[in-house]
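Please open the model in your viewer and keep the sequence beside it, since this tour moves from one selection to the next and says what can be found at each stop.

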Amino acid sequence: MVTSAHRIFVSHLAGVPVFDPNGDQVGRVRDLVAMLRVGGRPPRLLGLVVEVLSRRRIFLPMTRVTGIESGQVITTGVLNVRRFEQRPTERLVLGQLLDRGVRLVDGDEEATVLDVSIRRLPARRDWEIDKVFVRRGRAGALRRRGETLTVEWSAVTGFSLEEDAQSAESLIATFERLRPADLANALHHLTPKRRAEVAAALDDDRLADVLEELPEDDQVEILGKLQEERAADVLEAMDPDDAADLLSELPEADKERLLTLMRPDDAADVRRLLSYEERTAGGLMTTEPIVLRPDATVADALARVRQQDLSPALAAQVYVCRPPDETPTGKYLGTVHFQRLLRDPPFTLVGAVVDSDLPPLAPDTPLRAVTSYLATYNMVAAPVVDESGSLLGAVTVDDVLDHLLPDDWRETEFEESAHE
C-alpha cells in the first residue's frame, strides 16, 4: 500500500530521489504526468518522469509507486527503461501546468499557478490533482506581490479540455468514465483512423483493459498500428492469457519479435500459455491466481482478495500451495473459498481450512469438460494442476464464456442495447 501524506504539493517532489525496495537509488523525479479531463474534473495523475542514473528519462506509473514520504519515492523495483514520450492527452505538471495564467471562477479574476497538490483517492490506487496554489493577478514580474491562496481544482478555469473539441483528447476524456467493455464497444464503432488515434492516446493499462474486451480483428489492427515497444508495454499490462490469445493471432515473426521486447518474466508466462492448445484448460487459464502458503492467515488471504486489480472471479478463492508461490508452484494443497474466509477468525491458518476434496483440472482438459466442471461444482474459477502436482494457473468463467459465445456476440449485444 502506498504510504503518503494526505496531500502533497508537487514542488516538493521535484528532484527527490527514487529508491527501489532494497534502498538503492535508481533516479530522481523530474516531472509528473497527468491527464486532463472535461467538465472541470480534477486530472488523474498517471505517473512520474524519472531521470535514471544514465540520464535517460523514463515513465514510472503510479501503480508502481509504493511510497512517497520524507523527500523520497519508493518503487516496486520494476522499471521500464524505455525513454519517456509524452502522449497527446498527457500534461507535464511541473513543465506545463505551473507558472501559467488561469482565471478564478469566483470573481472572474486572473491568477498565476504557483503549485498544485496531489492526493491518493481513498481505498483506491488512483491519484489526482485536487488543489491549486495561485497568486492573484496576471503572470509577470510586475505582479509578484499579489495575494496567494489555495483553491479547489474546480475553482479555476484555463486547464481543462473543451467539451466540444473533436480531437482524440476530447474523446478520451469523454470515454474516461466508461467501463472497459463499454469503451471497447465505442471504440469498435469508430473509424479505423479515429480508433488508432484514441488507442494511441490511452495509457498502457487502460488500453490493455480495452483490448481484452475487443474482437480479435480489432485487437490485431490496433496492436499493429502501435510502435513495437509500446505494443510490448501494452501486452505486459494485459492478463497473460489475453496477451497469449492476441499474440496467437499474429504471424510467427511478429509474435516472436514482441515477445522478445517484453520483460522476461512476462514473456515467460505468455510463452507457457502459448504452448497449450487454445481450447483447453491450459490455453484458457491465467497464470496469476492468488497463491498462498499454508501458514498464511485468513487475514492475509482477505488482504489479497481485496486488491482492486483482481477480477471478481479470481477474487472468489485462493489457492494454497507449497513454495514457490509463483506459478508453476510447489505442491498444490487445495482451495479456500471467499465465503469460508469470511466465516473464520482472521488469525486462522489457511492450511487448516483448505478444501482438498475438489479435484483440479489437468492442463489438457478440453473446453467442454471445463464448462461441465464449473457447472457441476458451481464454481467461477478452477485450479489447473500438472502431473507433478504444481499449480499452473486458474480457469475463470469469463474466459470460458468468451469461447462459448458466438464470435460476434459483442456486436449483437451492442446492437440490441442500442435499440432498446
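Begin by selecting D205, D209, D239, D265, E288, E326, D398 and D402, which together form a negative patch on the surface of this predicted model. Two helices, α5 (204-211) and α15, each supply at least two residues of this negative patch. One of its members, D402, has its place in helix α15, and with a relative accessibility of 33% D402 counts as partly exposed.

Next, select V380, V397, L401, L404 and L405, a nonpolar patch on the surface whose residues have about 350 Å² of accessible area together. Within this group, L405 is found in the loop between α15 (397-404) and α16 (409-418), and L405 counts as partly exposed at 34% relative accessibility.

Before going further, it may help to colour the whole protein by secondary structure, which comes to 16 helices and 18 strands. Of the 420 residues in the protein, 48% count as buried. The protein exposes about 20,900 Å², and carbon and sulfur atoms supply 49% of that area. If you turn to the contacts in the protein with a separation of 6 or more, residues 24 or more positions apart account for 57% of them.

The next stops concern charged side chains. Side chains of opposite charge can pair when their charged atoms come close. In this model the count comes to 25 salt bridges, and three of them are worth selecting one after another.

Select D130 and R119, which form a salt bridge in which the closest N and O atoms are 3.7 Å apart. D130 lies in strand β11 (residues 127-136) and R119 lies in strand β10 (residues 109-120), so this pair ties together parts that are 11 residues apart in sequence. Which of these terms fits D130, buried or exposed? At 5% relative accessibility, D130 counts as buried, while R119, with a relative accessible area of 23%, is partly exposed. Now add R7 and E128 to the selection, and you will have a network of salt bridges that links R7, R119, E128 and D130.

Stay in this region and select D126, which is found in the loop between β10 and β11. Leaving aside the neighbours within four places in sequence, D126 is in contact with R44, R119, R120 and L121. If you then add T63 and display the C-alpha atoms, you will find that D126 and T63 are 7.9 Å apart in space, C-alpha to C-alpha, although 63 residues apart in sequence.

For a second salt bridge, select D254 and R257, whose closest N and O atoms are 2.5 Å apart. Because D254 and R257 are three residues apart in helix α9 (residues 252-261), about one helical turn separates them. D254 is partly exposed, with a relative accessible area of 28%, and R257 is partly exposed as well, with a relative accessible area of 37%.

The third salt bridge joins R272 and D269, with the closest N and O atoms 3.3 Å apart. R272 and D269 lie in helix α10 (residues 264-274), three residues apart, which is about one turn of the helix. R272 is buried, with a relative accessible area of 16%, and D269 also counts as buried at 16% relative accessibility. To see the setting of this pair, select the buried residues of α10, which are D266, A267, D269, V270, R272 and L273. Then show what covers them, which includes α7 (228-237), α8 (240-247), α9, α11 (281-284) and β18 (391-396).

The last stops concern the backbone. Select P323 and P324, which are joined by a cis peptide bond with omega about 10 degrees, and note that P324 lies in the loop between β15 (317-321) and β16 (332-337). Moving along to P328, also found in the loop between β15 and β16, you will meet a cis peptide bond from T327 to P328, with omega near -5 degrees.

Finally, select R55, whose place is in the loop between β4 (44-52) and β5 (57-61). R55 has a phi near 75 degrees, a positive value in a residue other than glycine, and R55 counts as exposed at 66% relative accessibility. Then go to N378, found in the loop between α14 (367-376) and β17 (381-385); although not a glycine, N378 has a positive phi of about 55 degrees, and N378 counts as exposed at 69% relative accessibility.

How values were computed. Residues are numbered from 1 along each chain as its sequence is written. This is a predicted model: local features need pLDDT of at least 70, side-chain atom pairs count only at pLDDT 80 or more; totals for chains, interfaces and linings use all residues. Side-chain values use heavy atoms; hydrogens and water are left out. A salt bridge is a side-chain nitrogen of Lys or Arg within 4 Å of a carboxyl oxygen of Asp or Glu. Helices (H or I, at least four residues) and strands (E, at least two) are DSSP runs, numbered from the N terminus. Buried means under 20% relative accessible area, exposed over 50%, partly exposed in between (1.4 Å probe, protein chains only). Patches are made of residues with over 30% relative accessible area and no salt bridge: like charges are joined within 9 Å, nonpolar side chains (Val, Leu, Ile, Met, Phe, Trp, Tyr) within 5 Å. Accessible areas come from the Shrake-Rupley method with a 1.4 Å probe; for residues, only the protein chains shown count as cover. Lys and Arg count as positive and Asp and Glu as negative; His and the chain ends are not counted. The place of a charge is taken as NZ of Lys, CZ of Arg, CG of Asp or CD of Glu. Contact means heavy atoms within 4.5 Å.
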